[in-house]
Structures are given as C-alpha cells and as structure tokens.
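Let us walk through this structure one site at a time. Keep the 3D view open as you read.

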Amino acid sequence: MPADTANLARAFAAQHGYEPRFIAEAPGRVNLIGEHTDYNDGFVLPVAIDRTVAVAVAPREDTRVRAHSVDHDQRDDFSLDNARRHPMGGWRNYVRGVLWALLDSQLHLSGVDLSISGDVPQGAGLSSSAALELALAGAICAASGIELPARDMALLCQRAEHMYAGVQCGIMDQFAAALGREGRALFIDCQSLETEDVPLPNGVAIVVIDSKVPRELAGTPYNRRRDECAEAARALGLASLRSATESQIESLPDALRRRARHVVSENARVLAAKAALRDGDFGTLGRLFAESHASLRDGFEASTPEIDLLVELANAAPGAIGARLTGGGFGGCTVNLVEASEAQRFGDAVVSQYRERTGLDGEAHVCRAVDGMQVRDA
Ligand code: ADP
Ligand code: MG
C-alpha cells in the first residue's frame, strides 16, 4: 500500500501526544464496468486501486472520541454516546456514521483517538468515502479488540453512508474497499452478494482520468436516477430491474424506458466483460466499454460534455483498448484499459489535449489492483 503511513503515525503522535497502536488502510476503487447497476440488484466489476485512506488509532480508557483529519487540518471531539450527525458535515460525519453503525449492531466499543490521511482523490468518483469508512471501521474494531469479517464490515459501512452522508449508494464501493484482491477485479452480484475474483490479463493497465469537474452525489441527479429505476421496476411489477427483460421494458414511458434499457443492457455487458477479461480478449473489452459509455450518455443521461470529450480523446490515444465514464457520473472520472507499455504516454496525451480543448487541468492516474482493507500494528 502506498500511502505515507510513517507520516500519518507522526501526525497522530503530534496531535494526541503518544504513539498510535494500529494503522488501518483501505483502497479507493474504480469500476471497470457495470454502472448504476449496483442499486438495481445487478452486476458490477470494480477494482480496488493503489490510492488509499489510512487511519491511525489507539484505544482510550474512557468513551471519548478524538478525531483528527490530517489532510483537512481539522479536529473533532465527542463522546461515544453522542455519535450523532455533526452539523458541519464533511469528514466528521463519516467518523460518527461508522461509530453509529458499529454501536447499532450491539458491538461494545472503547473510546478512540484517531488520525486520518489519504491519497484517494476526494469527490472524484473513486470512492474516497468508502475507503475512509472501511479504514475507520478496521481501525475502530482493532482498537476495541473486535474481529469482524470484511464483508460484514462493508455492510455496516454502507449503512453509515446511507444514514450519515445521505447517499443511497449500493454495496459496490464498500465491497471493493473490503474485498478487493491484488491483480484482480472483483465481480459482485449485488442481489446475492456473491463475489468472484477475476484476474486481470497481463499487459493491460488501468488508467483513471479525472475530469476535475467537481461532483457531489448528494447534489446531482444521482438520487433521482435511483428513484427512476425503482419507479420503472414498480411499473413492471418487479422487485428490481435485475429481472427485467428487454421486451418487458418496451412498455415503459419514454424516460423510464431509457433508464431501464441502460440497466438491463449494462448487466449483460458486465457478464460479457468478465468472460473477456478471463480470455484476455481486448477487442471485446473495447467494444463493451464503448457500448457502456454510449448507454450512460444517451440512455441514462449521466455523462457530461467534459467526460464525453475525455472518452473521445482516449479512443484516439496511444495504446487505447477501451474508455468509458466510471462512477456515479455527472462529472468525475473515466476508466481506461490501456496497453501497459503505453500507459504513461496515453495519460499524458489525453490530459494535454483535454487542457487544450477545455482549459481544465485533468489528471491521469495509472493504477494497480490491490488488496482490500488491512490492519497492522503501528
Ligand atoms: P467520493 O467517494 O467519490 O470520493 P464522496 O463525496 O462520496 O466522494 O466522499 C468524499 C468525502 O469523503 C470528502 O468530502 C471527505 O468528507 C471524506 N474523505 C475522503 N477522503 C478523506 C481523507 N483523506 N480525509 C478526510 N476525509 C476524507
Ligand atoms: Mg463516495
């Protein structure tokens, strides 16, 4: 894991006046394919990436929580009995939300001192929030002597995000941050919650390009899209769009039909992409990425002109295999499969042309697939 945890331990000591006991670290993620399918009980295929959030922690004798965001240079101080929403929002709500979710499942926690730092870009669609939640849950459980299966921890963190961040996210982000594996993508059936590790083929790099168009899910049509999908399922008499067929959705009114058509076709693309990854079939992967992006842009209407431009530039850049919008949309990042030997040149080419066309400073991240949340002695 790459984050500078020695620096984090020093920051903990400077803030709290003694050394931390444990460091928990959890990765951000990029979704290769399967967008807006998670909350529709469908399929997703994320990769946990080598950008992480780390939490240094030590238990306390009392029930106080003293939290410190190194990156924001901000503090928080409250009692465990009082882990309610902080009126200022921001990172403090994740600390309170994770504590609340753990306490609400009847776990006995000690008070903690903790310091947080990370290098997952925030609000870019790489799920820094789930990385933060899993690192917090891992740290707090370690400090309290609690062992929880990674999957249970992820489910608790999802509840925290629903209740404290106001984002009705599916399970993808927390599962990726908890269950990701080095060199592998994580296929998730969001209905059964079954997962499957899918080895990434040799010779392919994952390049994430951040459009730097700011995006906050709580303030975008993300929750509205969720409602539209639920409405489409209801109109079809189904529990979710997972079981909808191509012919069924033709009866829906126009906007709902286009949303549902994206979800149904995207699920099929995830299954096809899983097979193509196993086969190292780059041609098929490229086609599936292109279809996914077009469907998100035209049918689901979750793209932006800047993201569409990044995809167009990527498709003409050296080493390109496939490019598409990733994450909730409405800004954020593209995910690109690129021939590994060209990854750097690819990123540079797209970013410089993007700057020429928009004046925006996009950023390319060449990513490795890493393990999910880990706790170690500090
Ligand atoms: P995303 O998950 O796409 O990055 P979100 O808006 O869901 O975007 O979550 C971003 C929020 O998570 C930040 O505004 C901040 O409150 C919190 N966060 C993420 N990383 C850190 C960090 N290193 N330190 C403190 N808070 C963080
Ligand atoms: Mg998030």
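**Around the ligand**

A nitrogen atom of ligand 1 sits 3.3 Å from a polar backbone atom of G118. This is a predicted model, so read every distance here as computed from that prediction. An oxygen atom of ligand 1 lies 2.8 Å from a polar backbone atom of G123. The side chain of S129 takes part too: one of its polar atoms is 3.0 Å from an oxygen atom of ligand 1. In total, 20 residues surround ligand 1. The nearest of them are D71, W91, G123, S128 and S129. G123 and S129 thus appear both in that nearest group and in the polar pairs, G123 through its backbone and S129 through its side chain.

Now turn to T5 and T52. T5 belongs to helix α1, residues 5-16. Its relative accessibility is 15%, under the 20% cut-off, so T5 counts as buried. The side chain of T5 makes a polar contact of 3.4 Å with the side chain of R376. Beyond its neighbours within four places in sequence, T5 touches I23, E25, A54 and R376.

E25 leads on to T52. The side chains of T52 and E25 form a polar contact of 2.7 Å. T52 is part of strand β3, which covers residues 46-59. Is T52 buried or exposed? T52 is buried, because its relative accessibility is 0%. So E25 is a contact of T5 and also a polar partner of T52.

Next, look at a pair of helices. Two packed helices are described by the angle between their axes and the distance between the axes. Helix α6 spans residues 222-235, and helix α8 spans residues 254-279. Their axes are 9 Å apart and cross at about 90°. That angle falls within 65 to 115 degrees, so α6 and α8 are roughly perpendicular. From α6, the residues in contact are R225, E228, C229, E231 and A232. From α8, they are L256, R259, A260 and V263. By type, this contact has 5 nonpolar residues, 4 charged and no polar ones.

Finish at G362. This residue lies in the loop between α11 (343-358) and β12 (363-367). G362 counts as buried because its relative accessibility is 11%. Which residues does G362 contact, leaving aside its neighbours within four places in sequence? They are D210, K212, V351 and Y354. K212 is 150 residues away from G362 in sequence, yet their C-alpha atoms are 5.6 Å apart in space.

Key. Residues are numbered from 1 along each chain as its sequence is written. Chains are lettered from A and ligands numbered from 1 in the order in which they are written. This is a predicted model: local features need pLDDT of at least 70, side-chain atom pairs count only at pLDDT 80 or more; totals for chains, interfaces and linings use all residues. Side-chain values use heavy atoms; hydrogens and water are left out. Helices (H or I, at least four residues) and strands (E, at least two) are DSSP runs, numbered from the N terminus. Buried means under 20% relative accessible area, exposed over 50%, partly exposed in between (1.4 Å probe, protein chains only). A polar contact is a pair of N or O atoms within 3.5 Å; within protein, one must be able to donate a hydrogen and the other to accept it, and residues adjacent in sequence count only if both atoms are side-chain atoms. Axes are lines fitted to C-alpha atoms, for helices over the stretch in contact, and angles run from 0 to 180 degrees between N-to-C directions. Angles under 35 degrees count as roughly parallel, over 145 as roughly antiparallel, 65 to 115 as roughly perpendicular and the rest as oblique. Contact means heavy atoms within 4.5 Å. Ala, Val, Leu, Ile, Met, Phe, Trp, Tyr, Cys and Pro count as nonpolar, Asp, Glu, Lys and Arg as charged, and the others, Gly among them, as polar. A residue is near a molecule or strand if one of its heavy atoms lies within 4 Å of it.
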